[in-house]
Amino acid sequence: MGGVLIVYYSRTGTSKRVAEWLADKLDAQLEAIEPINKFGGAFGAARGALATLRGKEPLIVVGEKTGKYERVVLVTPIWASHIAAPALTWLSRQRGERQSIDLVTVSASDSADGAPGYLTRAGVEIRHVGHIRNKDLDARGADEVLSPLLS
């Protein structure tokens, strides 16, 4: 077992940008969470928020097994004060596969307070290592905003 895997879900591309930066800095493998039914456009955003609030787990394309990695980092947007529904589906599939996962959240708001508590349902220990605001990423750049996540 060794190495780092960065898993991400990104509806708009911001979480993907964060995941790619982390993968580069940590020399990690990168894997996208792909929902079967996409959440594109304004209607998709509303459907996604509703699914998240209801705790629905949309169908996703199954990625590779994470048990072979020493460290796994999940990068996900915050929807309606919770992690995005596709990321929750991915997390629920980690039961028995991993004991812990590092979490990085991304959103337009200042806080991801609801995310860690909500994740306890996944049956995996979650370590919330950071929250990135979209406007900080755009204004100050990835290196300045994301470097603290590496420690």
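Author: A pocket, as the word is used here, is an open set of grid points with protein on both sides within 12 Å along at least five of seven lines. The model you are looking at is predicted, and the largest pocket in this model holds about 200 Å³ of space.

Reader: Thanks, that helps! What makes a residue part of the lining, and which residues lie nearest the centre of the largest pocket?

Author: A residue counts as lining when one of its atoms is within 4 Å of a point of the pocket. The largest pocket has 13 such residues, and T12, P77, I78, W79 and N134 are the ones nearest its centre. Helix α1 (14-26) and the strands β5 (71-79) and β7 (100-107) each contribute at least two lining residues. Strand β5 gives the most, with three.

Reader: What is the make-up of that lining by class?

Author: Six of the lining residues are nonpolar, six are polar and one is charged.

Reader: And the second largest pocket: how do you know which classes its lining residues belong to?

Author: We can sort them by residue type. This pocket has a volume of about 160 Å³, and its lining includes E31, I60, G63, K65, T66 and R93. Glu, Lys and Arg count as charged, Ile as nonpolar, and Gly as polar. Taken over the whole lining, the result is four nonpolar, three polar and five charged residues.

Reader: Let's move to the surface. Why is L59 called exposed or buried?

Author: Exposed means over 50% relative accessible area. L59 has 59%, so L59 is exposed. You will find L59 in the loop between α2 (41-53) and β4 (60-61). Together with I36 and V61, L59 forms a nonpolar surface patch with about 290 Å² of accessible area.

Reader: How do you know that K16 and E20 form a salt bridge?

Author: The test is a side-chain nitrogen of Lys or Arg within 4 Å of a carboxyl oxygen of Asp or Glu. For K16 and E20, the closest N and O atoms are 4.0 Å apart, and the pair is counted as a salt bridge. Both residues sit in helix α1, four residues apart, which means that about one helical turn separates them.

Reader: Why are K16 and E20 placed in their accessibility class?

Author: Partly exposed covers values between the buried limit of 20% and the exposed limit of 50%. K16 has 36%, so K16 is partly exposed, and E20, at 37%, is partly exposed too.

Reader: What makes R71 and D102 a salt bridge?

Author: Their side chains come to 2.7 Å, N to O, and the limit is 4 Å, so the pair qualifies. This pair links distant parts of the chain, with R71 in strand β5 and D102 in strand β7, 31 residues apart. In general, side chains of opposite charge can pair when their charged atoms come close.

Reader: Are R71 and D102 buried, partly exposed or exposed, and what decides it?

Author: Buried means under 20%. D102 has a relative accessible area of 9%, so D102 is buried. R71 has 23%, so R71 counts as partly exposed.

Reader: How many salt bridges are there, and what is known of R133 and D136?

Author: The structure holds four salt bridges. D136 and R133 form one of them, with 2.9 Å between the closest N and O atoms, and both residues are buried.

Reader: To finish, how many of the protein's elements are helices, and how many are strands?

Author: There are six helices and eight strands. Of the protein's 151 residues, 46% are buried.

Conventions:
Residues are numbered from 1 along each chain as its sequence is written. This is a predicted model: local features need pLDDT of at least 70, side-chain atom pairs count only at pLDDT 80 or more; totals for chains, interfaces and linings use all residues. Side-chain values use heavy atoms; hydrogens and water are left out. On a 1 Å grid over the protein atoms alone, a cavity is a set of points where a 1.4 Å probe fits but cannot get out, and a pocket is an open set with protein on both sides within 12 Å along at least five of seven lines; lining residues have an atom within 4 Å of a point. Grid points are joined across faces, edges and corners, and a volume is the space filled by probe spheres set on the points. Patches are made of residues with over 30% relative accessible area and no salt bridge: like charges are joined within 9 Å, nonpolar side chains (Val, Leu, Ile, Met, Phe, Trp, Tyr) within 5 Å. Accessible areas come from the Shrake-Rupley method with a 1.4 Å probe; for residues, only the protein chains shown count as cover. Buried means under 20% relative accessible area, exposed over 50%, partly exposed in between (1.4 Å probe, protein chains only).
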